[in-house]
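Subject: Structure for your files

Hello,

Here is the structure I said I would pass on, with notes on what turned up in it. Please read the notes with the model open.

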Amino acid sequence: MKKDYLLLLVVALAAFALPMILPGDYYVEVFLFMGINILVALGLSLLMGYAGQISLGHAGFYGMGAYISGALSAHLGWPVPLAALMALVATALVAGLIGWPTLRLKGHYLAMATLGLGIILYILFVQLRSITGGASGLAGIQPVHIGGFYLDTPRRYCYLVWALVILSFLFSINLVRSRTGLALRALHYSEVAASTLGIDVAKYKLQVFVFSCVLAALGGILYAHYITFISPETFGFMYSIKLVVMIVLGGMYSLWGALLGGAFLSLLPEFLHRLEDFEVMVNGLILLMILIFLPGGLVGLLQKIGEKIRGHS
Amino acid sequence: MAQLVQYIFAGLTMGVIYALTGVGFNLIYNATGVINFAQGEFVMLGAMFLYTFQEVLHWPPFISLPLVFLMGGLVGVVFEYGVVKPLIRLGVITVIIGTIGASVVLKGGAMLVWGKNALAVEPLISEKPVAFLGASLNTQVLVVLMVTAIAVAIFWYFFGFTILGKAIQACSVNPLAARLAGVPVERMITLSFCFSGALSALAGGLIAPITLAEYDMGTMLALKGFCAAIIGGLGNNPGAMVGGLLLGVMEGLSAGYLSSGYKDALAFLVLILVLFWRPEGLITRGKGERV
Amino acid sequence: MVILDARNVKRSFGGVKALKGVDVTVQEGTITALIGPNGSGKTTLFNILSGILPMEEGEIIFMNQDIGKWPAHKRALLGMARTFQNLQIFQEMSVLENVMIGGFRHTSSGFMAGGLSLPKVRGEMKALEGKAIELLGELGLTSYAHVQAGELPFGLQRKVEIARALALEPKLLLLDEPAAGLTTKETSDLARFIHGLKERGITVFLVEHDMDLVMGISEWIIVLNFGQKIYEGTPLAVKRERTVIKAYLGERRAKG
């Protein structure tokens, strides 16, 4: 368990060093977007690995963060922190409204409900033209600044993103080690037993789900205020799927799976420029292959390799 | 009045598609406890198969449509052996993620094979519209309703009156008892997948001439088929039929009288409301729940 | 004083009436047993009492509160713990963690506090751990504290489950066939252990098939058959009662 904090320290140092070492803005930007993906994936990993529930609408929550914060800053000129806070609160409320009826039930109703919500949100991003700019997108989103200091270069913004990634990981690791984490792990293995020990199963699932959606929204906010222009296709169903692929690829039962999976899938398009039309299918194939041949994901693989090395020495 | 009839029939047409998809969900759910997120892709494949048989190979409808049905059954069986069987021992959540993966593979594959554009499919019968209560009804609508009625009648007979049908039902109620009574449970599960694929593909074949065939039509149809199943109570086939028709008519009316842009939001709203107030479905037969 | 009073509990599955209006009373500080042939409704009654299965009709009073409609977790918070016939331990967690979760009701920190790792949270976790280590010692499980619970042999898993239930510091402990699958030696240890619980002020209500165990430790025995209470009394009275012998031993003979 101490190991997790040590690992996080290593990641933090790497995140501090990389923007300075990387050879150009392009690579820094890749690293920046990787951070955003990992942030969103981290929330989903808590939901899938600890509450045992799937969300197929995380792209929608990601979009809610981006659009609410973006629109408030672009149309009404709200300062970024206030707009961001508003976006986080609104996302938490919507997540609560969806999660409350579905998470009380046994089974996987949340997956279908979030799938539906993701579709609805996408329709809204396209249809509410006066707010979202419709299919042509929303421009004029304010960049982030602290007083007169503008975080408008990839390098500066990258530090903001990764600082939040590290803090979110710290929070999540703490959480898993706390009473709440104990309860979450318990209900993952047996809801019945957990409930007879005084654990309000639905409440804990709901808390994780809402937290998970808030992290997704935070990712969206970071994305919107960096790019300063957003359009609906970024927040479509395929991104929700990609997030699920990240978690499964990285390893469902460890928070570090979100880091590895998120990093891997963020880099994949850089290596496979000509993927284009095949990308959809490749995502699905990765998902199936990992489930069948490597159910523990990359983290599981690394653990096995680690055990082998230790076993031989 | 004429307009109302028009909307209701338009709704019913879509409704039977949702109903068939919902029954497809139920068959797999009853056999394995898994919600199959690739169900919508089965429907999409049905539409694509019909396009291929009819528009590319120019086969007549009375050959194409049954062939779509058979191909759908094949897809269901391949799906069971390729995705569900290898994963089921790892737990239900893993299988569900697997079905999500499979749906993406099918969708991406269909995009590569049939392209990104919506494909037009000729109506199965091209006759003049029929007048009914002042409304003029497209003959395709009548074909959809008739074929579905026949399919439902066959299914009703199959599950209600044949040994095989009863064996499948027995497996879904109590697999252990069914096994002890000598029912080959494995084969019954495969049959469930086969029927589930066949019915969904049939739905796709029926709808293709009305809504066009498109590689990404599946997600939305899955959501609505699932909604139909939930209205009827997950696992309850007659319930899913009623649920599908109900949803279709509601959609038809809201598209007609309110706004067509938000028509697709309705299914989601209904889904959430039903899960909120009556998660066991609106149409329950008053028997004890499964524990 | 009565700690648990269930009246007219009814429940059916499909068309089968599993419980046809059962009355059960458990006196505080006693060891009470629920016996009956297979399928008589014992486990169904336990599931209803602990709240994991809803009843169709009836009333349950626990510690002077009407808990009949309460969800399982609220009953646990009030001081009702249980074990399961088919074991429901958290297989992939360590033995220590399994027992720590048992003490859940004595902690209160929330989601945010946990994420921020406030001093209160760390204090609570320390306390849970201390309590769990103590219980492990008592049940002779200390050396397994960091083993994955699912890897233990059956008899030890059963002990882990009991330790977990005790960490809840229950007022009433429901034991569902605690001796099933145990060796004779383990069973007699168990009998002594259950007796010890009584001295701690824990009321025990158990379902058990092992008649020697039941007759040896219970002060009051309730007999179910076909979803109905057919008799209740002291072990001596139960042994003599004809209806019980007929229902119970008849089945035993049939089983061979």
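**A loop residue in chain C**

Ile52(C) sits in the loop that runs between α1 (42-50) and β4 (57-62) of chain C. Please keep in mind that this is a predicted model. Is Ile52(C) buried or exposed? Neither label fits, because its relative accessible area is 23% and buried means under 20%, exposed over 50%; Ile52(C) is therefore partly exposed. Leaving aside residues up to four places away in sequence, Ile52(C) touches Val192(A), Ser195(A) and Thr196(A), as well as Asn47(C), Ala72(C), Arg82(C) and Phe84(C). Between Ile52(C) and Gln65(C) there are 18 Å in space, C-alpha to C-alpha, for a separation of 13 residues in sequence.

**The second largest cavity**

Some of the residues that Ile52(C) touches, including Thr196(A), Ala72(C) and Arg82(C), also belong to the lining of the second largest cavity. The rest of that lining is Ser50(C), Arg75(C), Ala76(C), Met80(C), Ala81(C) and Leu174(C). The space in this cavity comes to about 50 Å³. Two elements of chain C, α2 (72-78) and β6 (80-82), each supply at least two of the lining residues. By class, five residues of the lining are nonpolar, two are polar and two are charged.

**The largest cavity**

How many cavities of 30 Å³ or more does a search of the whole structure find? The search finds three. The largest cavity has a volume of about 80 Å³. From chain A, its lining takes Leu56(A), Leu115(A) and Phe237(A); from chain B, it takes Phe37(B), Glu41(B), Ile100(B), Ser103(B), Lys107(B), Thr219(B) and Ala222(B). Elements giving two or more residues to this lining are α4 (92-114) and α9 (218-232) of chain B, and α4(B) gives the most, with three residues. Six of the lining residues are nonpolar, two are polar and two are charged.

**A buried residue in α9(B)**

Leu223(B) is found in helix α9 of chain B. Leu223(B) counts as buried because its relative accessible area is 0%, and buried means under 20%. Outside the residues up to four places away in sequence, Leu223(B) touches Met112(A), Leu115(A), Gly116(A), Ile119(A) and Leu271(B). One of these, Leu115(A), also lines the largest cavity. Leu223(B) and Gly22(B) are 201 residues apart in sequence, yet their C-alpha atoms are 9.4 Å apart in space.

**Nonpolar cores**

In soluble globular proteins, nonpolar side chains tend to be buried together. Here the largest nonpolar core has 261 residues, and Trp162(A) and Ile97(B) are those with the most contacts inside it. Helix α10 (residues 201-227) of chain A gives the most to this core, with 15 residues. Domain 1 (1-79 + 170-256) and domain 2 (89-168) of chain C each give it at least three residues. A second, separate core has 26 residues, among them Met55(C), Phe62(C), Leu78(C) and Val207(C).

As for Ile97(B), apart from residues up to four places away in sequence, it touches Met48(A), Ile54(A), Val244(A), Val248(A), Met252(A), Leu287(A) and Leu291(A).

**The two domains of chain C**

Chain C is divided into domain 1 (1-79 + 170-256) and domain 2 (89-168). Their C-alpha centres lie 27 Å apart. Across the boundary, 19 residues of domain 1 are in contact with eleven residues of domain 2.

Regards

Technical notes:
Residues are numbered from 1 along each chain as its sequence is written. Chains are lettered from A and ligands numbered from 1 in the order in which they are written. This is a predicted model: local features need pLDDT of at least 70, side-chain atom pairs count only at pLDDT 80 or more; totals for chains, interfaces and linings use all residues. Side-chain values use heavy atoms; hydrogens and water are left out. On a 1 Å grid over the protein atoms alone, a cavity is a set of points where a 1.4 Å probe fits but cannot get out, and a pocket is an open set with protein on both sides within 12 Å along at least five of seven lines; lining residues have an atom within 4 Å of a point. Grid points are joined across faces, edges and corners, and a volume is the space filled by probe spheres set on the points. Helices (H or I, at least four residues) and strands (E, at least two) are DSSP runs, numbered from the N terminus. Ala, Val, Leu, Ile, Met, Phe, Trp, Tyr, Cys and Pro count as nonpolar, Asp, Glu, Lys and Arg as charged, and the others, Gly among them, as polar. A nonpolar core is a set of buried Ala, Val, Leu, Ile, Met, Phe, Trp, Tyr and Cys residues joined through side-chain atoms within 4.5 Å. Buried means under 20% relative accessible area, exposed over 50%, partly exposed in between (1.4 Å probe, protein chains only). Domain bounds come from an automatic or database domain assignment. Contact means heavy atoms within 4.5 Å.
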